[in-house]
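The questions below ask what lies behind some of the words used for this model. Each reply sets a value against its cut-off before it concludes.

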Amino acid sequence: MFDANDTQMMHTALALARQGRFSTSPNPRVGCVVAHGAQIVGQGFHVRAGEPHAEVHALRQAGNMARGATAYVTLEPCSHYGRTPPCAEALIRAGVSRVVAAMSDPNPQVAGKGLAMLREAGIQVDCGLLETEARALNRGFLSRIERGRPFVRLKCAASLDGKTALSDGRSQWITGPEARADVQMLRAESCAVITGVGTVLADNPQLNVRAFPTLRQPARVILDSRLQTPLSSRVVQDGGSPTLIATLNNCHQSLQKYTNHQHLQILRPSESNRRINLHNLLALLAEKGYGEVMVEAGAVLAGAFIEAGLVDEIVLYQAPKILGGNGKGLFSLEENPKSLTEPPLWQTVSVTPLGNDIKWVLQK
């Protein structure tokens, strides 16, 4: 069904799609190449929700050369009217003779309808080329649609002996500038950054992207059961992106003091054992369009996400420092494994040197 040229063109389309990794949410990252054999006549990627999709950019660049060409798209072309017209219709009007899609779109508004529309118009449609790579590129979007919750990345930094801070809580800086710059990239890729009110009180973090310009800052999600987030904190004062405070506090007077900040939202997740129900919290974030979130939190909240089985990926930055036995640990777990074979095994995806540190990526 697919030849070497098809594969090369889809690799190019996937590379284009990656250029939108900081800006497309809640939409998926999509790239498109229009070609006659090995000659590319048009290419493009989706930049931001509400703006033209990848197919539109590629077809505009191709112009009349799109007629009789093959369009390579990393995701099934849409078939419905949203903020932009259907891309399947645009491909039909352009006169392409064949469409190669990396994967079908699980979004119920599309879900095969785009491919069917193309076939009904007499266009040859082939689907499934480099699907694994395409799914990895849009794991947040797919998780939100297929599982009803975001893809969760847990980011942490530790010393050689697994400590995140000195005994007095000081943690700046365990890792070097190269590792900290890499964290900025991860934040930029994320729809939201999750932390606990303890981190806000101790460190007053900004939880935003500062190392380079970006079209979209991640939202900040603060787990604050008793509503203790100071109005003077950076996550409240900085209006560069939404700040969502998840709380169990029902006191109208306590809630009212936050209403003067337009970028501030109160989330009301359900309760579980007098704590915020993390499953319900993630479901609420998915409903808001957040597909890929990063947890940057202390040992208790990080451990809670792990014990709830909600962590899809761990990114550990490890520095060649030893902080000693009184340092603070990575994860606080309520239940300890009874044997070395009991806990689920995390699989190493990659180990990358970053300056004097290493970046260790693990998935289940």
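Q: Which residues does UniProt list for "binding site"?
A: In this predicted model, the positions that the unreviewed UniProt entry lists under "binding site" are Ser171, Arg187, Asp203, Leu207, Arg210 and Glu296.

Q: Why is Leu207 called buried or exposed?
A: Leu207, which lies in the loop between α8 and β9 (219-223), has a relative accessible area of 3%, and because buried means under 20%, Leu207 is called buried.

Q: What touches Leu207, not counting residues up to four places away in sequence?
A: With contact taken as heavy atoms within 4.5 Å, Leu207 touches Arg187, Val193, Thr195, Pro218, Arg220, Ile222 and Val235; among these, Arg187 is also on the UniProt list for "binding site".

Q: Why is Asp203 called partly exposed?
A: Asp203, placed in helix α8 (residues 197-203), has a relative accessible area of 40%, and since partly exposed covers what lies between under 20% and over 50%, Asp203 is therefore partly exposed.

Q: How do you know whether Gln109 is buried, exposed or partly exposed?
A: Gln109 is found in the loop between β4 (98-101) and α4 (113-120), and its relative accessible area of 46% is neither under 20% nor over 50%, so Gln109 counts as partly exposed.

Q: Which residues of helix α12 are buried, and what covers them?
A: In α12 (residues 299-307), Leu301, Ala302, Gly303 and Phe305 are buried, and their cover includes β6 (151-158), β8 (192-196), β9, α11 (278-287) and β14 (292-295).

Notes
Residues numbered from 1 in each chain as written. Predicted model: local features only at pLDDT ≥ 70, side-chain atom pairs only at ≥ 80, totals over all residues. Heavy atoms only, no water. UniProt positions renumbered as here; feature names shortened; annotations may be inferred. Helix = DSSP H or I, 4+ residues; strand = E, 2+ residues; numbered from the N terminus. Buried < 20%, exposed > 50% of the residue type's maximum accessible area, 1.4 Å probe, protein only.
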